[in-house]
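Here is a brief report on a protein model. Look over the sequence and the fold before reading on.

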Amino acid sequence: MTRLAGFVLRRAAGALITLFAISVIVYVVFYVTPGNVAQITCGPRCSPAQVHQVAEQLHLHDPLYERYWHFLQGLVVGQDYSTGTSVEHCPAPCLGLSYQSDQQVTRLILTKLPVSLSLVFGAMVLWLVLGVGTGVLSAWRRGRLTERLLTGITLAGVATPVFVIGLVLMIVVCGELELLPFPQYVAFTDDPEQWAWNLLLPWFSLALIEAAAFARLTRAAMLETLAEDHIRTFRAYGVGERSVIGRHALRGAFAPVIALNANNFGGAVGGAVLTETLFGLPGIGQELVHAVNVVDLPVVVGMVLVIGFFVVIANAVADVLYAVADRRVVLT
Amino acid sequence: MNGSRQGESPSLVEVTGLCVEFGGLRAVDQLSFRLEGGAALALVGESGSGKSTVAAALLGLHRGTGARVGGSVQVAGIDVQRASDDELRRLRGGGAAMVFQDPLSSLDPYYAIGDQIAEVYRVHARGSRRAARARAVEVLDRVGIPDARRRSRSRPHEFSGGMRQRALIAMALACEPDLLIADEPTTALDVTVQAQILDLLHALREETGMGLLLVTHDVGVAAESVDEVLVMRHGRTVEHGPVGAVLGAPAQSYTRELLDAVPRVDAPRAPSAPAGEVVLEATGLRREFGRGKRAFAAVDDVSLTIRRGETLGVVGESGSGKTTLGRMLVGLLQPTAGEIKPGGGVRPEVQMVFQDPVSSLNPRRSVGESIADPLRARGEPDEGRVRGRVRELLERVGLEAAHYDRYPHEFSGGQRQRVGIARALAADPRVIVCDEPVSALDVTTQAQVVALLGELQRELGLALVFVAHDLAVVRQASDRVAVMRRGRIVESGPADEVYDNPQDPYTQQLLAAVPALDPGLAARRRAARREPAMV
């Protein structure tokens, strides 16, 4: 286990380095662009005086590495912004100010993040249960009608856009059958029960699409494992098919499922725009699209960093799970 | 033992008119044999003879695979064909247990070995988890796993090959079956480990009185282990009788052919032409893998000379460094220390023939294209000359020029290895390093490939380096021999000297472990080996 602890530490250090690299790249890509960065950041309706102030606050007159250093400082220890008359403190992790919406980017993101995480976590549980379950079932019933049906359904799932599934669900469940009210985001901290009821449809529409990929992956990995020699061993020793499938073959699907899940989780935090838009969930994805449309540079940079953070963390967690699941993984 | 079946059927195994068909292919054709309780029978045959199919049929493993099984199979009083799924499950592992060929892939990589044995035990003997684990430790201890309680928590990859095979045998023992079916149980193992496993099987049989059905391609392994032999070919019985009679005085010509093709470790090689000048000289070769604390030397201070027209055999067990040495000679690996000097000033062309003729040819390209690669790599621009040369090479190795456009899957193992040899010849080498060139082949094919190499050597004056783990094949093929262990050459010299009068204790141990074709001699050797060293 000490070997594993060392591995976790090394992997965490690796994640930090990756995050650092992402911050450099994002910073350079967005703030070292041709054109008047201060003007762009401030927005089209800014006066020259305001633009000048923004340039001061972003340290645009300093050399590049110093500008980046200020940016990093804000992230790690926080930063004070002087607006001429007063000083605004932006606590760490400070992602800067959005001049267009007159808000601190970190606060803006913190209002959106719970929505996105609620959506993605719930959907993840669903897509894992549905996807892996369907995969196991179709591997078990391979060659039979059940499997062909499931294969057809998952194929349709992969091919259907989320807004189609979401719309159909909404029209049928909320409109026709009136089983649920039309979803409206309620914070978990306000009312956990309403939170869950309102997120049920978004969870399902996001999960159904993702589940299809997991079902196909699980099925493929299990069929591959089922063809291996050790499966033959257990069959030849009279071990029942339920145990062969559920214990030995499923274990082989573990690693690929973990890897895919890390990717999809990280991606969905910022990428579930369609689901968020369709169900009116004020999440990260929607906000990012908005920020890009109005060219709110600090918000875009902040969002990209936060999304990058989740992708990196999800992958680091996946690597550790992977090592715990398969002892043959060389821990370096 | 659970003795319900004893009363019903006098024989432990009774197979009558067994036929197994896959698609249109008849793998087993009208096979019949009996095996009494406590007796041992070997099914011997080359690949494709249907011997493993018979073994699988004894446990009803063809059920649900689409194979058509005809005839009757009775095992431990159960009619395997008519048994219900539940009856069959009770038979599998409980009445008859199977030990598979490849001990690495035959165990689940994700679970502890003790847990896997316990799982199987609990299928047959209803008991607590704790009792099952205790039983697992008990059988692991019985098959000679040291510190069995602690090692039962290891995963398969933490065991050596021999220990894994012991663990599989332990799994088979867990439920005290009346019949042990061993399908090529030692094929993936080194010769010294093979001897230990065969001794273990022998001791277990004496102790428990269980019957043994051994499936093997290796006549020597059969001679070591059983009372009766059934020689199979194309799914049919060729010859069946007591082991001494069948191997000592075979009645059928195919059996004689098979026996003649088996390379003998005690037969001197036919004298070959005297060796010529030195073409390659290696001094103080060393190759390390890994860095820092994990660094280890796969090859350590090896010096050798390779002469024109001569075959140098390099023999050793797995991990002895023989493949690493071969790759350095060809230039596929750079030595960490030491040097390889050409004998005559210019570096001679060195080519390689690989072990696995299936995976060392690109399945998506025709064999002609594969053989042409070295020619094109040397910058031969004229397409006509390339094709002409390839055709010539194909004929040279005993194939047909018209085979140019065929793909590897259309060839048998032996033919594919001929393609590999043709590819090595394409660059006009003076030295060819053959890394286990025949270990994937049947004995009769082995003999043909070794003969082809000898023929090419005489005609072209090639120097050959013949790397292999099989002591008998190396003797058959080599003029001089170097025995490797843990990266070093422990003994070298003219082949006859090394084999007939080995000086190093390790060489002596290796030679003593080679299965003898004479059952009497095998029994005497086994007695001498008593209380085997640990794997």
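In which sense do S11(B) and strand S14 (residues 337-342) of chain B pair, and over how many bridges? The pairing is antiparallel, and 5 bridges hold the register between S11(B) and S14(B). One residue pair in that register is B:Thr283 with its bridge partner B:Glu339 in S14(B). The model is predicted.

**Around S11 of chain B**

Strand S11 (residues 278-289) of chain B also runs antiparallel to strand S12 (residues 296-307) of chain B, joined by 8 bridges. Here B:Glu281 has B:Thr305 of S12(B) as its bridge partner. S11(B) and S12(B) make a hairpin, with 6 residues between the two strands. In the turn, B:Gly290 has a positive phi of about 80°.

**A four-stranded sheet in chain B**

Another topic is an open sheet of 4 strands in chain B, ordered S2-S1-S4-S5 with antiparallel pairing. Its edge strands are S2 (25-35) and S5 (78-79) of chain B, each of which pairs on one side only. S1 (residues 13-22) and S2 of chain B are antiparallel, with 7 bridges. B:Phe22 stands opposite B:Leu25 in S2(B). Helix H2 (residues 51-58) of chain B packs on this sheet and touches S1, S2 and S4 (68-75) of chain B. The direction of H2(B) makes about 115° with that of S1(B).

**Annotated stretches**

In an unreviewed entry, the UniProt annotation "domain: ABC transporter" covers two stretches of chain B, residues 13-259 and 280-511. Their computed values follow.

| Stretch of chain B | Helix | Strand | Distance between end C-alpha atoms |
|---|---|---|---|
| Residues 13-259 | 40% | 26% | 27 Å |
| Residues 280-511 | 37% | 27% | 29 Å |

**Helix H19 of chain B**

Which residues of helix H19 (residues 505-513) of chain B are buried? They are B:Thr507, B:Leu510 and B:Ala513. Viewed down the axis of H19(B), these buried residues fall within an arc of 130°, so they line one face of the helix. An α-helix has 3.6 residues a turn, so residues three or four places apart point the same way. The buried residues of H19(B) pack against several elements of chain B, including helix H8 (191-208), helix H17 (471-477) and strand S18 (480-485).

**The contact between chains A and B**

Chain A brings 15 residues to the contact and chain B brings 24 residues. On the side of chain A that touches chain B, helix H9 (229-236) and helix H10 (241-271) of chain A each supply at least two residues. H9(A) gives the most, with 5 residues. The residues on this side of chain A divide into 3 nonpolar, 5 polar and 7 charged.

Conventions:
Residues numbered from 1 in each chain as written. Chains lettered and ligands numbered in written order. Predicted model: local features only at pLDDT ≥ 70, side-chain atom pairs only at ≥ 80, totals over all residues. UniProt positions renumbered as here; feature names shortened; annotations may be inferred. Buried ≥ 20, exposed ≤ 12 C-beta atoms within 10 Å, placed from the backbone. Arc of directions from axis to C-beta. Contact = placed C-beta atoms within 7 Å. Nonpolar A, V, L, I, M, F, W, Y, C, P; charged D, E, K, R; others polar. Pairing = 2+ DSSP bridges. Axes fitted to C-alpha atoms, helices over the stretch in contact; angles between N-to-C directions.
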